[in-house]
Amino acid sequence: MSIRSVEIAENLYYIGVNDRETELFENMWPLPYGVAYNSYLLTGEKTCLMDTVKVSKSSEFVEDVTELMGDRDLDYLVIHHVEPDHSGSIPQILELYPNIKIVGNQKTKNMLYDYFELKLEDNFVLVEDGDELDLGDRKLTFYTTPMVHWPESMVSYDAQNKILFSQDIFGGFGTVDGAIFDDQADYNSKRDEYRRYYTNIVGKYSKMAVRAIEKLSPLEIKTICPVHGIVWRENPARIVEDYTKWAKYEVEEGVVIAYASMYGNTALMADRLARYLAEEGIKNIEVIDISKTHPSYIISRVWEKKGLVLGACTYNNAAYPLMKNLIHLLSIQKMQNHVLGIFGSYGWSGGAVKDLLEFAKAPNFDTIETYVEAKGRMKAEDDQALRQMAKELKEKIK
């Protein structure tokens, strides 16, 4: 649904759209609260559109653009990011405004051909890191932010009004429900969805995210305009602080126990370990059945907690398939600064713990020495080993 235009500053308008129909972002990550695709229109001496929206929302988006533009021509389209949820409406904009000049870097130009077969020559304005675009009443300075989270990603900065157009950086899941600005919204209630967005979409590229944040740190920023989520005009430092924390893998005391169990034997071990961790003084403990919880949420919850324990039953001589999928996704994310523990169970032939131990070889985890592998239902010796696991986890976490 279109929100229509909302004035952010003089000659600057928000023209984003809400998407409550798409169930999976990138056809992978759940969107229980939807997602917003944000675009911005500058209407000063020169007119400039900042990104577009997903093609499924192009009709209402184009309607908002034409309503604001009236009989004026559109001079520029700045493309910060070519991912289709932001570039999907480019063909419609080009059809309406054939004289428009498209602004982007060399990788942007290449990708526009890859995705839309656009052969851009005279109508393409090539910008590199630090270049400026003069719009008459304001200038935009461009900063490349490669691999945050695509190679062509960049941001732009309006120094006169101290506004950062940040593309995917500083964005989050969730529609904009009336409250366009941070001072109109309760960010605390949205923060989990912002962390989930960061960890699912940007998390793998955290080193590059840190570089980008440090690169932009000298700028005086009063307003942040991302392509997802709310516009930050009152306290932009809040989202910068959270993104910095997530990008630097800053963790809190706590443990996530994520387990896969078919008949309750591995689940029993998970609950027993949680109890022993509580007795050791660990207060922030979360036990998650991965058969009922999408990996998107598990990754997000693990990101901020120091401890991660994985428990799996054996299925066809290997770890339970959903656990195999989870450890694959965790491997991709390359999380750091986490303590790892492992346990599992099997019937007649093992395999789950073997797979988990192979995963534990990743250098980014600090794996405790003790692991538990129960045959059938856990026995007294398994129970004692779980107690030992709790002690070792406590030592490393505390």
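This is a guided tour of a predicted model, moving from one selection to the next.

**Helix H10**

Begin by selecting residues 321-333, which form helix H10, a run of 13 residues that reaches 19 Å from its first C-alpha to its last, close to the 18 Å expected at 1.5 Å a residue. Within this helix, colour Met323, Leu326, Ile327, Leu329, Leu330 and Gln333, which are its buried residues. Looking down the axis, you should find these residues on the same side of H10, because they cover an arc of only 160 degrees around it. As background to this view, an α-helix has 3.6 residues a turn, so residues three or four places apart point the same way.

To see what lies against these buried residues, add helix H5 (187-202), strand S17 (252-260), helix H9 (295-303), strand S19 (305-313) and helix H11 (352-359), against which they pack. Before leaving, step to Lys334, just after H10, where phi is positive at about 55 degrees.

**A salt-bridge network that includes residues of H5**

The structure holds 24 salt bridges, and the next selections follow some of them. Select Asp242 and Arg191, whose side chains meet in a salt bridge at 3.0 Å, N to O. This pair links distant parts of the chain, with Asp242 in helix H7 (residues 236-247) and Arg191 in helix H5, 51 residues apart. Asp242 and Arg191 are both buried.

Select next Glu304 and Arg195, whose side chains form a salt bridge at 3.1 Å, N to O. Here too the pair links distant parts of the chain, since Glu304 sits in the loop between H9 and S19 while Arg195 belongs to helix H5, 109 residues apart. Glu304 and Arg195 are both buried.

A further pair to display is Lys245 with Glu252, where the side chains meet in a salt bridge at 2.9 Å, N to O. How do the two partners fare in accessibility, buried or partly exposed? Lys245 is buried, with a relative accessible area of 17%, whereas Glu252, at 37% relative accessibility, counts as partly exposed. Now show Arg191, Asp192, Arg195, Asp242, Lys245, Glu252 and Glu304 together, as salt bridges that share partners join these residues into one network.

**Cys313 and the patch with Met262**

Move to Cys313, which lies in strand S19 and counts as buried at 6% relative accessibility. Leaving aside residues up to four places away in sequence, Cys313 touches Ala260, Ser261, Met262, Thr266, Ala318, Ala319, Tyr320, Ser345 and Ala352. For a distance to check in the viewer, take the C-alpha atoms of Cys313 and Gly347, which are separated by 8.7 Å although the two residues are 34 residues apart along the chain.

One of the residues that Cys313 touches, Met262, leads to the next stop. Met262 is found in the loop between S17 and helix H8 (265-279), and at 35% relative accessibility it counts as partly exposed. Switch to a surface representation and select Met262, Tyr263 and Tyr315, which make a nonpolar surface patch of about 370 Å².

**Helix H12**

Select residues 380-397 for helix H12, whose 18 residues reach 26 Å from first C-alpha to last, close to the 26 Å expected at 1.5 Å a residue. Its buried residues are Asp382, Asp383, Ala385, Leu386, Met389, Ala390, Glu392, Leu393, Lys394 and Ile397. What covers the buried residues of this helix? The cover includes S17, H8, S19, strand S20 (338-346) and strand S22 (372-375).

**Backbone geometry to inspect**

The tour ends with some backbone details. Select Val148 and His149, since the peptide bond from the former to the latter is cis, with omega near 5 degrees. His149 is placed in the loop between strand S13 (139-144) and strand S14 (154-158). Met147 is also placed in the loop between S13 and S14, and its phi is near 60 degrees, a positive value in a residue other than glycine. At 27% relative accessibility, Met147 counts as partly exposed.

Finally, select Gln167, in strand S15 (residues 163-167), where phi is near 45 degrees, again a positive value in a residue other than glycine. Is this residue buried or partly exposed? Gln167 counts as buried, at 1% relative accessibility.

Methods: Residues numbered from 1 in each chain as written. Predicted model: local features only at pLDDT ≥ 70, side-chain atom pairs only at ≥ 80, totals over all residues. Heavy atoms only, no water. Helix = DSSP H or I, 4+ residues; strand = E, 2+ residues; numbered from the N terminus. Expected span 1.5 Å × (residues − 1). Buried < 20%, exposed > 50% of the residue type's maximum accessible area, 1.4 Å probe, protein only. Arc of directions from axis to C-beta. Contact = heavy atoms within 4.5 Å. Patch = residues over 30% accessible without salt bridge, like charges linked within 9 Å, V, L, I, M, F, W, Y side chains within 5 Å. Areas by Shrake-Rupley, 256 points an atom, 1.4 Å probe, with all protein chains shown as cover. Salt bridge = Lys/Arg side-chain N within 4 Å of Asp/Glu carboxyl O.
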